[in-house]
Amino acid sequence: MDTFDDVLEAVGPRLRKLRAERRTTLAQLSESTGISVSTLSRLESGQRRPTLELLLPLARAHQVQLDELVDAPPTGDPRIHAKPIKHHGVVHIPLSRRPGGLQAFKQIVPEGWPGGDVEQKVHEGYDWFYVLSGRIRLVLGDKDFVLAEGEAAEFDTRVPHWFGNPGPGPAEMLCLYGPQGERMHVRARTR
């Protein structure tokens, strides 16, 4: 059986692996957690002992349960206790909990989101979503679609794309993303 020290020593490599899987730099992680780059580096290398004060924001940033960071023994409970995350005005509710693979989310998109002009973006991978309620506007290349309740879309994300909620009311959708979908989006060139 692992000792308490063995469990804590394993946290650093686990943190480094999670950050690498998400292709996040220490600076980006520092910005999202408020933890200094030097502290993050020392945590990952095992030079700093992990504390709850440090692990809680890291678990939130990596969208994993705290017990995954410390490799807590399984409880036998298969239920996922989703904690909503609000990001750029959209509520993301994780429906899966394994980092690095396919991730499932329920997203609640407010009416009028994101506002402003259509700015198409590109990244590697495929996106899939299913509209549970409301309407979602999808601009895919030079095509413009409005998906209603019960409709789904799947597309190669190397095609310039954008989506928003034209209203009325909020829209709810189920989304599946691969590891590529977790990477930062880059703007598509305008013609």
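## A walk through the fold, from loop to core

User: Arg23 lies in the loop between helix 2 and helix 3. Is Arg23 buried or exposed?
Analyst: Happy to help, and please keep in mind that this model is predicted. Arg23 has a positive phi, near 55 degrees, although it is a residue other than glycine. Most residues other than glycine have a negative phi. The relative accessible area of Arg23 is 57%, and the cut-off is over 50%, so Arg23 counts as exposed.

User: Which other loop holds a residue other than glycine with a positive phi, His88?
Analyst: Phi of His88 is near 55 degrees. His88 has 64% relative accessibility, so it counts as exposed. Its place is in the loop between strand 1 and strand 2 (90–94).

User: Moving on to helix 3 (residues 26–33), which helices do its buried residues pack against?
Analyst: The buried residues here are Leu26, Leu29, Ser30 and Thr33. They lie on the same side of helix 3 because they cover an arc of only 105 degrees around the axis. The face turned away from that buried side carries the exposed residues Glu31 and Ser32. The buried residues pack against helix 2 (11–21), helix 4 (37–45) and helix 5 (52–62).

User: What is phi for Gly34?
Analyst: Gly34 comes just after helix 3. Its phi is positive, at about 80 degrees.

User: Now the sheet: which strands stand at its edges?
Analyst: Six strands make an open sheet with antiparallel pairing, in the order 1-2-3-10-5-8. An edge strand has a single partner, so one side of it is left without a neighbour in the sheet. That describes strand 1 (85–87) and strand 8 (152–156).

User: What is the average twist from one strand to the next?
Analyst: The open sheet holds six strands. From one strand to the next, the twist averages 25 degrees.

User: Which residue is the bridge partner of Ser133 in strand 10?
Analyst: Strand 5 (residues 126–133) pairs with strand 10 (residues 171–177) in the antiparallel sense, over six bridges. The partner of Ser133 in strand 10 is Glu172.

User: Where is Pro168, which a cis peptide bond joins to Gly167?
Analyst: Most peptide bonds are trans. The bond from Gly167 to Pro168 is cis, with omega about 0 degrees. Pro168 lies in the loop between strand 9 (161–164) and strand 10.

User: And what is omega for the cis bond from Trp113 to Pro114?
Analyst: Pro114 lies in the loop between strand 3 (103–109) and strand 4 (121–122). The peptide bond that leads into Pro114 from Trp113 is cis, with omega near 5 degrees.

User: Which element gives the most residues to the largest nonpolar core?
Analyst: That core has 15 residues, of which Phe129, Ile136, Leu138 and Leu147 touch the most other members. Two or more residues come from each of strand 3, strand 5, strand 6 (135–140), strand 8 and strand 10. The most, four residues, come from strand 10.

User: How many residues are in the second, separate core?
Analyst: Let's start from Leu138: leaving aside neighbours within four places in sequence, its contacts include Phe129, Leu147, Ala153 and Trp162. The second core is separate, with Val11, Ile35, Leu43 and Val64 among its members. Its size is 14 residues.

Key: Residues numbered from 1 in each chain as written. Predicted model: local features only at pLDDT ≥ 70, side-chain atom pairs only at ≥ 80, totals over all residues. Heavy atoms only, no water. Pairing = 2+ DSSP bridges. Axes fitted to C-alpha atoms, helices over the stretch in contact; angles between N-to-C directions. Buried < 20%, exposed > 50% of the residue type's maximum accessible area, 1.4 Å probe, protein only. Arc of directions from axis to C-beta. Contact = heavy atoms within 4.5 Å. Core = buried A, V, L, I, M, F, W, Y, C linked by side-chain atoms within 4.5 Å.
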